[in-house]
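This report introduces a structure to a reader who has not met it before. It turns to a packing of helices and then to salt bridges.

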Amino acid sequence: MNKERKIAFEIKLLDNLIGRKLIENKREHKKLSHVQVSVLKYLFENKGKTVYQSDLETFLSVRRSTISGILKTMEKQNLIKRIDSLKDARKKEIVLTNYSYKKSKLMKKKVTEFETLLTKGISYEELDVFFNVINKIKENLK
């Protein structure tokens, strides 16, 4: 291993490459950012459960103002709705729209294709090591 390589720099380069690759495909899925796709994926996986903005803040490790802007954009794109919560009048539930359900099949296919691209030539053992290291880095930053 080259001792001159810096973890933060390599992660940033990887983030830039992933962002560029996602931009190449934006026309196909109504200009969704990778964060928006993550929000939609989370909502689909938690379908039937009550999801609040704070749940998404925690899931994505972002600030309230960041997720608020993301959700506002997603509402304008008719991807989500914020509705009054029956459980807590102070909060709004985040729910998927019918449009999101219709687009879910295409989005799921695109996410699967992208994951396949990212993991090409990488063994399960290497992926286990990768995820273990990533988890340790995330813990170090908390």
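In this predicted model, helix α2 passes helix α3 in a right-handed crossing. The contact is made by V35, S38, V39 and Y42 on the side of α2, and by D55, L56, F59 and L60 on the side of α3. Sorted by character, the residues of this contact of α2 with α3 divide into six nonpolar, one polar and one charged. Helix α2 spans residues 34–45 and helix α3 spans residues 53–60, and the two pack at an angle of about 120° with their axes 11 Å apart. The helices α2 and α3 are therefore oblique to each other.

Salt bridges form the second topic. A search of the whole structure finds eight salt bridges, and the table lists three, including the distance between the closest N and O atoms for E75 with R82.

| Acidic residue | Basic residue | N to O distance |
|---|---|---|
| E75 | R82 | 2.9 Å |
| D84 | K92 | 2.7 Å |
| E113 | K109 | 3.4 Å |

The exposure of these partners can be taken pair by pair. E75 is partly exposed, with a relative accessible area of 31%, and R82 counts as partly exposed at 24% relative accessibility. D84 is exposed, its relative accessible area being 54%, whereas K92, at 44% relative accessibility, counts as partly exposed. E113 and K109 both lie in helix α5, which covers residues 98–119, and they are four residues apart, about one turn of the helix. Of this pair, E113 is partly exposed at 38% relative accessibility, and K109 is partly exposed with a relative accessible area of 48%.

Definitions and conventions
Residues numbered from 1 in each chain as written. Predicted model: local features only at pLDDT ≥ 70, side-chain atom pairs only at ≥ 80, totals over all residues. Heavy atoms only, no water. Axes fitted to C-alpha atoms, helices over the stretch in contact; angles between N-to-C directions. Parallel < 35°, antiparallel > 145°, perpendicular 65-115°, else oblique. Left-handed = near helix turned anticlockwise from the far one by under 90°. Contact = heavy atoms within 4.5 Å. Nonpolar A, V, L, I, M, F, W, Y, C, P; charged D, E, K, R; others polar. Salt bridge = Lys/Arg side-chain N within 4 Å of Asp/Glu carboxyl O. Buried < 20%, exposed > 50% of the residue type's maximum accessible area, 1.4 Å probe, protein only.
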